[in-house]
Amino acid sequence: MSLKIIFFVGVLIIAISAIGLGANLDTSSTFNKIGSDDNVSIGLSTADITNIVHSTSGSDIDSSTITVRNTDSVSHSYQICVITKAGASISDTVGTSSDCTTTTISSSGTGSAVITFTNPLSKTSVDFAEISIQEIT
């Protein structure tokens with residue numbers, strides 16, 4: 001008697017788990033493997049920021065030079081943007097991409113981009129600089 005109950009409970013568990021995984025008893029259950037071929041994967045970045053230098057004139061920061069290393073074995077073009085905030089001022093003009101530039105870096109090479117700020121900032125009140133790199137090609 002107890003063997004029949006164990007068998008019935010086992011079949012019930014298999015049926016519930018198959019239905020719960022969106023399958024039926026004719027198909028085998030599969031799990032979504034994060035980052036594998038049945039899921040959207042996020043590739044590694046092909047660029048590393050190796051150096052940032054803010055250039056000043058007088059008491060203002062006028063530009064930033066960002067050095068980027070291409071870690072891939074092929075050449076890529078990158079859009080590099082930097083937004084710097086100093087007090088109430090932001091280096092970019094709202095609604096534009098004035099603090100962005102595009103540069104091409106050869107395979108396993110290093111390149112730099114100079115971004116001249118539309119709105120120079122007081123170097124005594126810099127709060128932060130945010131840098132983004134987007135691989136274009």
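Colleague: Which side chains meet Arg-69 and Asp-48 in a salt bridge, and how should such a feature be read?

Modeller: Side chains of opposite charge can pair when their charged atoms come close. In this predicted model, the side chains of Arg-69 and Asp-48 meet each other in a salt bridge, with 2.9 Å from N to O. Arg-69 belongs to strand E2 and Asp-48 to strand E1, and the pair links parts of the chain that are 21 residues apart.

Colleague: Are these two residues buried, exposed or partly exposed?

Modeller: Arg-69 counts as partly exposed because its relative accessibility is 35%. Asp-48 is likewise partly exposed, at 32% relative accessibility.

Colleague: How many salt bridges does a search of the whole structure find?

Modeller: The search finds 2 salt bridges. Besides the pair of Arg-69 and Asp-48, the side chains of Lys-85 and Asp-127 meet at 3.1 Å, N to O. This pair links Lys-85 in strand E3 with Asp-127 in strand E7 (residues 126–135), 42 residues apart. Lys-85 is partly exposed, at 25% relative accessibility, and Asp-127 is partly exposed, at 48%.

Colleague: Strands E1 and E2 have been mentioned. In what order do the strands of the open sheet stand?

Modeller: Strands of a sheet pair through backbone hydrogen bonds, either parallel or antiparallel. Here 3 strands form an open sheet in the order E1-E2-E6, and their pairing is antiparallel. The edge strands are E1 (47–57) and E6, each of which pairs on one side only. From one strand to the next, the twist averages 20°.

Colleague: How many bridges join E1 to E2?

Modeller: There are 10 bridges between these antiparallel strands. To locate one position in the structure, note that Ala-47 stands opposite Asn-70 in E2.

Colleague: Is Asn-70 buried or exposed, and which backbone oxygens does its side chain reach?

Modeller: Asn-70 lies in strand E2 (residues 60–70) and counts as buried because its relative accessibility is 1%, under the 20% cut-off. A polar atom of its side chain lies 2.9 Å from the backbone oxygen of Val-74, and the side chain also reaches the backbone oxygen of Ser-106 at 3.2 Å. Beyond its neighbours within four places in sequence, Asn-70 is in contact with several residues, among them Thr-46, His-76, Tyr-78 and Gly-109.

Colleague: What does the side chain of Ser-64 join in a polar contact?

Modeller: Ser-64, also in strand E2, has a side chain joined to that of His-54 by a polar contact of 2.6 Å. Ser-64 is buried, since its relative accessible area is 0%. With neighbours within four places left aside, the contacts of Ser-64 include Val-53, Val-82, Ala-113 and Phe-117.

Colleague: Which residues make up the largest nonpolar core?

Modeller: This core has 11 residues in all: Ala-47, Ile-61, Ile-66, Val-68, Tyr-78, Ile-80, Val-82, Ile-105, Ala-113, Ile-115 and Phe-117. Strands E2, E3 (76–86) and E6 (110–122) each supply at least two of them.

Colleague: Which residues is Ile-66 in contact with, leaving aside its neighbours within four places in sequence?

Modeller: Ile-66 is in contact with Ile-49, Asn-51, Ile-80, Val-82, Gly-111, Ser-112, Ala-113, Ile-115 and Ile-131. Ile-80, Val-82, Ala-113 and Ile-115 appear both among these contacts and in the largest nonpolar core.

Key:
Residues numbered from 1 in each chain as written. Predicted model: local features only at pLDDT ≥ 70, side-chain atom pairs only at ≥ 80, totals over all residues. Heavy atoms only, no water. Helix = DSSP H or I, 4+ residues; strand = E, 2+ residues; numbered from the N terminus. Buried < 20%, exposed > 50% of the residue type's maximum accessible area, 1.4 Å probe, protein only. Polar contact = N/O pair within 3.5 Å; in protein donor to acceptor, adjacent residues only side chain to side chain. Contact = heavy atoms within 4.5 Å. Core = buried A, V, L, I, M, F, W, Y, C linked by side-chain atoms within 4.5 Å. Pairing = 2+ DSSP bridges. Axes fitted to C-alpha atoms, helices over the stretch in contact; angles between N-to-C directions. Salt bridge = Lys/Arg side-chain N within 4 Å of Asp/Glu carboxyl O.
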